[in-house]
Amino acid sequence: MEETNGQDGDKLYAFTTRSRLKGPWFFPHMLYATMRVRRQLKRTGNVAGWASIIAGPTEFWTITVWDSRHDMQEFMRSGA
């Protein structure tokens, strides 16, 4: 986790998740999961920004920036 300061002086919380698959045969399942997380992030109003990156057939990244730690934890508890 990295803390940064927003433009108005409030703290922002940035998180990265990197998933490496044991082999490309897991790609379809992970792609499906990635698409679900993308839809959930689009629907939430509490995320300041996000990016979801497919770096290759065995590597996936998600980067999120939250206005508060509480907002991030609530998203995690939501089943995302």
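1. Trp50 and its contacts. Beyond its neighbours within four places in sequence, Trp50 is in contact with Arg38, Leu41, Lys42, Ile63 and Thr64. The model is a predicted one. Trp50 sits in strand β3, which covers residues 47-56. Its relative accessibility is 31%, so Trp50 counts as partly exposed. Thr62 is twelve residues away from Trp50 in sequence, and the two C-alpha atoms are 7.4 Å apart.

2. Thr64, the partner in strand β4. Thr64 belongs to strand β4. Is Thr64 buried or exposed? Thr64 is buried, because its relative accessible area is 9% and the limit for buried is under 20%. Again leaving aside neighbours within four places, its contacts are Tyr13, Ala14, Phe15, Leu41, Val47, Gly49 and Trp50. Leu41 is also on the contact list of Trp50. Thr17 lies 47 residues from Thr64 in sequence, yet the C-alpha to C-alpha distance is 8.8 Å.

3. The overall fold. The chain has two helices and four strands. In sequence order they run β-β-α-β-β-α. Of the contacts with a separation of 6 or more, 50% join residues 24 or more positions apart. The pair Glu59 and Arg18, taken up next, links distant parts of the chain as well.

4. The salt bridge between strands. How many salt bridges does a search of the whole structure find? The count is two. One of them joins the side chains of Glu59 and Arg18, with N to O at 2.8 Å. Glu59 is in strand β4 (residues 59-66) and Arg18 in strand β2 (residues 11-20), a separation of 41 residues. Arg18 has a relative accessible area of 43%, so Arg18 is partly exposed.

5. The salt bridge within a helix. Glu74 pairs with Arg77, and their closest N and O atoms are 2.8 Å apart. Both residues lie in helix α2 (residues 69-77). They are three residues apart, about one turn of the helix. Glu74 is partly exposed, because its relative accessibility is 37%. Arg77 reaches 59% and therefore counts as exposed. As background, side chains of opposite charge can pair when their charged atoms come close.

6. A buried acid without a partner. Asp71 is also placed in helix α2. Asp71 is buried but has no salt bridge. Which side chain of opposite charge is nearest to Asp71? That side chain is Arg77, at 9.4 Å. Salt bridges are counted within 4 Å, so this pair does not qualify. Arg77 does have a salt bridge with Glu74. Outside its neighbours within four places in sequence, Asp71 is in contact with Asn46 and Trp66. A reader checking this residue may want to look at those contacts alongside the 9.4 Å gap to Arg77.

7. The positive patch. Arg36, Arg39, Lys42 and Arg43 form a patch of positive charge on the surface. Arg43 is in helix α1, residues 27-43. Arg43 is exposed, because its relative accessible area is 65%. Lys42, another member of the patch, is among the contacts of Trp50.

8. Burial and surface. How much of the chain is buried? Buried residues make up 26% of the 80 residues. The chain exposes about 5,700 Å². Carbon and sulfur atoms supply 52% of that area. Among the residues discussed here, Thr64 and Asp71 are on the buried side, while Arg43 and Arg77 are exposed.

Methods:
Residues numbered from 1 in each chain as written. Predicted model: local features only at pLDDT ≥ 70, side-chain atom pairs only at ≥ 80, totals over all residues. Heavy atoms only, no water. Buried < 20%, exposed > 50% of the residue type's maximum accessible area, 1.4 Å probe, protein only. Patch = residues over 30% accessible without salt bridge, like charges linked within 9 Å, V, L, I, M, F, W, Y side chains within 5 Å. Areas by Shrake-Rupley, 256 points an atom, 1.4 Å probe, with all protein chains shown as cover. Lys, Arg positive; Asp, Glu negative; His and termini not counted. Charge placed at Lys NZ, Arg CZ, Asp CG, Glu CD. Contact = heavy atoms within 4.5 Å.
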